Amino acid sequence: MTARLIDGKAVAAELRKTIAARVAALPFRPGLRVVRVGEDPASGIYVRNKDRAAQEVGFDSATLHLPVGTSQADLLGLIARLNADPAVDGILVQLPLPPQIDTDAVIRAVAPEKDVDGFHPLNAGLLASGQPRLTPCTPKGVMHLLRAAGCVLPGARAVVLGRSNIVGRPMAQLLLAADCSVTILHSRTRDLAAECRRAEILVAAVGRPRMVRGDWVAEGCTVIDVGINRLPDGRLVGDVDFVAAANHAAAITPVPGGVGPMTIACLLENTLEAALARRV
Ligand code: NAP
């Protein structure tokens, strides 16, 4: 391996420390409410981790756990109460939601100024029009990692593999806002390998284990692997063939320990930003 490792755990720990220090200096505690509906076990772990991280930086944080059979009207009623609650700065509804609930309607129901996931169409539109406000946590975390790795962004050829609303699209917008020249790849792209080889910065967010082969990575590229995939033997791997890519890349994130820890740290950062925008 010749690539430098980009240590997401260390960058996230530093960001959380900075947030805790900023919170300690405030005359109020930023309020975060995490809403979980149903018993999805992975969601249970995510929600617990978010709540714990929020408590650790000094937020007033709580999880509201609703039964799996909750109606859309009841969930929208809860969101309306949280929107109106002056002690609440950030609302996060953990996805996926049970099938009787219209996820898009729930995303639209969260007050944009409390939308710490950055999924509301108003926040997505602000980002797309170059006026970012609250931006999705995972791509925001990737920008922190690129900067921490010393990546020169203006003018860089950045390639984003994936175009989901949660990762790929906002990732491309954030790179564009940082003056990269951005290409977005997806399932209908003709020659993925050739497109990836042009990248000076390559962000993979497809959800396909080790899809990006070593020879897709140009010499000196910075590779950010957003993917989290569980193999049949239980191991977690990314969307990039780490061992092969590390022989070409200048710097690369591991999975786990790369982008993952940044997502929660950026949720905390968004909550602090939302609180400051509302209260200061
Ligand atoms: P998603 O909604 O399933 O989107 C996947 C994207 O990849 C789509 O745009 C899809 O293209 C594209 N794609 C799928 N198969 C492809 C192929 N064979 N060739 C080219 N493009 C292909 O997934 P997501 O929510 O963006 O998540 C992506 C990965 O990131 C997953 O592994 C997820 O677990 C991980 N993730 C990690 C974090 C974190 O905190 N580290 C957070 C969120 C997600 P089309 O649009 O054409 O279908």
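The ligand in this model is surrounded by 20 residues, and the closest are Arg 163, Ser 164, Ser 187, Arg 208 and Thr 263. Do keep in mind that the model is predicted. The chain is divided into domain 1 (28-114) and domain 2 (136-259), and a nonpolar core of 53 residues, the largest one, is a good place to look after the ligand site.

**Ligand site**

- Eight nonpolar, ten polar and two charged residues make up the shell around the ligand.
- Arg 163 places a polar side-chain atom 2.7 Å from an oxygen atom of the ligand.
- For Arg 208, an N or O atom of the side chain is 2.8 Å from a nitrogen atom of the ligand.
- Ile 228 takes part through its backbone: a polar atom there is 3.1 Å from an oxygen atom of the ligand.
- On its own, the ligand has 930 Å² of accessible area, and the protein covers 70% of that.

**Domains and the nonpolar core**

- The centres of domain 1 and domain 2, taken over C-alpha atoms, are separated by 29 Å.
- Within the largest nonpolar core, Leu 146, Leu 175, Ile 201 and Ile 224 are the residues with the most contacts.
- Several helices and strands each supply at least two residues of this core, among them helix 1 (8-24), strand 2 (31-37), helix 6 (137-148) and strand 7 (201-204).
- Helix 10 gives nine residues, the largest share of this core.
- Because domain 1 (28-114) and domain 2 (136-259) both give residues to this core, it lies between them.

**Gly 31**

- You will find Gly 31 in strand 2.
- Gly 31 counts as buried because its relative accessibility is 0%, and the cut-off for buried is under 20%.
- From Gly 31 to Val 206 the C-alpha to C-alpha distance is 33 Å, with their positions 175 residues apart in sequence.

**His 120**

- His 120 sits in the loop between helix 4 (103-109) and helix 5 (121-128).
- With a relative accessible area of 11%, His 120 is buried.
- On one contact, the side chain of His 120 reaches the backbone oxygen of Arg 108 at 3.1 Å.
- On another, a polar atom of the His 120 side chain lies 2.9 Å from the backbone nitrogen of Leu 122.

Conventions: Residues are numbered from 1 along each chain as its sequence is written. This is a predicted model: local features need pLDDT of at least 70, side-chain atom pairs count only at pLDDT 80 or more; totals for chains, interfaces and linings use all residues. Side-chain values use heavy atoms; hydrogens and water are left out. A residue is near a molecule or strand if one of its heavy atoms lies within 4 Å of it. A polar contact is a pair of N or O atoms within 3.5 Å; within protein, one must be able to donate a hydrogen and the other to accept it, and residues adjacent in sequence count only if both atoms are side-chain atoms. Accessible areas come from the Shrake-Rupley method with a 1.4 Å probe; for residues, only the protein chains shown count as cover. Ala, Val, Leu, Ile, Met, Phe, Trp, Tyr, Cys and Pro count as nonpolar, Asp, Glu, Lys and Arg as charged, and the others, Gly among them, as polar. A nonpolar core is a set of buried Ala, Val, Leu, Ile, Met, Phe, Trp, Tyr and Cys residues joined through side-chain atoms within 4.5 Å. Buried means under 20% relative accessible area, exposed over 50%, partly exposed in between (1.4 Å probe, protein chains only). Helices (H or I, at least four residues) and strands (E, at least two) are DSSP runs, numbered from the N terminus. Domain bounds come from an automatic or database domain assignment.
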